[in-house]
Structures are given as C-alpha cells and as structure tokens.
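I opened the model and kept a running notebook. The entries below follow the order in which I looked things up.

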Amino acid sequence: MTITITVPDDVTSTTVTVPSARTTTAVRPEDVLHLKAAYADPAQISAVADVRTRRALQVELRDLDAFLVGRPKLRPYRAHLWYVAHHAHPTVTSRRLASLLWCTVWFPRDCG
C-alpha cells in the first residue's frame, strides 16, 4: 500500500509518496494448514513456512523437552501437553501447562 499526498501552494503543488510500513502479503492456505498441524503435533513444526514462527515453536518445544527430562512421568504426555497448550484459550506455553500439571496433579510437594 502506498499513500500519496498532494499539497498545493500558491505557485506549484508537491506530491510526496510514502510507502506503507506494512506490506500486505497473502497467506497461502497450505501455510495455515501447516501451522495448525504444528500446533496439534510438534513433529509437524518443520513444515511451518514462516521462519520466525517455526523458530519460536522450536524454542518452545526445546523448553518443554528440557522440563520433561527430569520428570519421566510426564514424558508420555508430551504430545498431549503440546496440543492442549496450543488450543487453550487463553493460550499458554506447553512448559507452563506441564508445570501446572506437575505441581497440582502428580507431585504438589515438589512445588512447595
């Protein structure tokens, strides 16, 4: 999008063209499907086209895995934690969800 401003004065008129700070790009339907698939299954993260989003999801997954390393009872629920965290309203990170379950369901004494 470009904005054009014309300012007339007594003698001449001046036109200034200002490019928009935002570029509008169409989101491809397959990109949306890949993102939804990644929110449902962490194994699908590599298919996300947007580099920033893919990296953010990878960081979140590494954070979850780091939390699960010392908590073997939660490891079988990894994919479930990921899915619920990304479909909850309001959204929550998967590590926070795992922490909540760890502290309230499995081992509340570990959390004080």
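**Entry 1: secondary structure.** I counted four helices and two strands in the protein. Helices (H or I, at least four residues) and strands (E, at least two) are DSSP runs, numbered from the N terminus. Along the sequence I read the pattern β-β-α-α-α-α.

**Entry 2: ground rules and confidence.** This is a predicted model, where local features need pLDDT of at least 70, side-chain atom pairs count only at pLDDT 80 or more, and totals for chains, interfaces and linings use all residues. Residues are numbered from 1 along each chain as its sequence is written, and side-chain values use heavy atoms, with hydrogens and water left out.

I checked pLDDT, the predictor's confidence in each residue, from 0 to 100. The protein averages 82, and 75% of the residues score at least 70. Where is confidence lowest, and where is it highest? The low end is strand β1 (residues 2–8), with a mean of 58. The high end is helix α2 (residues 51–69), at 94.

**Entry 3: burial and contact range.** I used three classes of relative accessible area: buried is under 20%, exposed is over 50%, and partly exposed lies in between (1.4 Å probe, protein chains only). Of the 112 residues in the protein, 17% are buried. For contacts I took heavy atoms within 4.5 Å. Among contacts between residues at least 6 apart in sequence, 33% join residues at least 24 apart.

**Entry 4: salt bridges.** My criterion was a side-chain nitrogen of Lys or Arg within 4 Å of a carboxyl oxygen of Asp or Glu. How many turn up in the whole structure? The search finds four.

I looked at R95 with D63: their side chains meet in a salt bridge, 3.0 Å from N to O. R95 lies in helix α4 (residues 94–106) and D63 in helix α2, so the pair ties together parts that are 32 residues apart in sequence. R95 is partly exposed at 30% relative accessible area. D63 is also classed as partly exposed, at 34%.

Next came R28. R28 pairs with E30, the closest N and O atoms being 3.3 Å apart. R28 also meets D31 in a salt bridge, at 2.9 Å from N to O. I noted relative accessibility for each partner: R28 is partly exposed at 44%, E30 is partly exposed at 35%, and D31 is partly exposed at 21%. Shared partners join R28, E30 and D31 into one network.

**Entry 5: α3 against α4.** I then turned to helix axes, which are lines fitted to C-alpha atoms, for helices over the stretch in contact; angles run from 0 to 180 degrees between N-to-C directions. The axes of helix α3 (residues 78–87) and α4 come within 8 Å and cross at roughly 115 degrees. That makes α3 roughly perpendicular to α4. My angle classes were under 35 degrees for roughly parallel, over 145 for roughly antiparallel, 65 to 115 for roughly perpendicular, and oblique for the rest.

The crossing of α3 and α4 is right-handed. A crossing is right-handed if the near helix is turned clockwise from the far one by less than a right angle, and left-handed if anticlockwise. On the α3 side I listed L81, W82, V84 and A85; they meet S94, L97, A98 and L101 in α4.

**Entry 6: α2 against α3.** The α2 and α3 axes come within 11 Å, crossing at roughly 135 degrees. The two helices are therefore oblique to each other. α2 passes α3 in a right-handed crossing. The contact uses L57, E60, L61, L64, D65 and L68 of α2, and R78, L81, W82 and H86 of α3.

**Entry 7: S94.** Is S94 buried or exposed? S94 is buried, with a relative accessible area of 0%. The residue lies in helix α4. Leaving aside neighbours within four places in sequence, S94 contacts E60, L64, L81, W82 and A85.

**Entry 8: the loop between α3 and α4.** I found P90 in this loop. H89 and P90 are joined by a cis peptide bond, with omega about 0 degrees.

**Entry 9: H34.** I placed H34 in helix α1 (residues 29–40). H34 is partly exposed, at 32% relative accessibility. Not counting residues up to four places away in sequence, H34 touches Q44, A47 and V48. H34 and I45 are eleven residues apart in sequence, and their C-alpha atoms are 7.9 Å apart.
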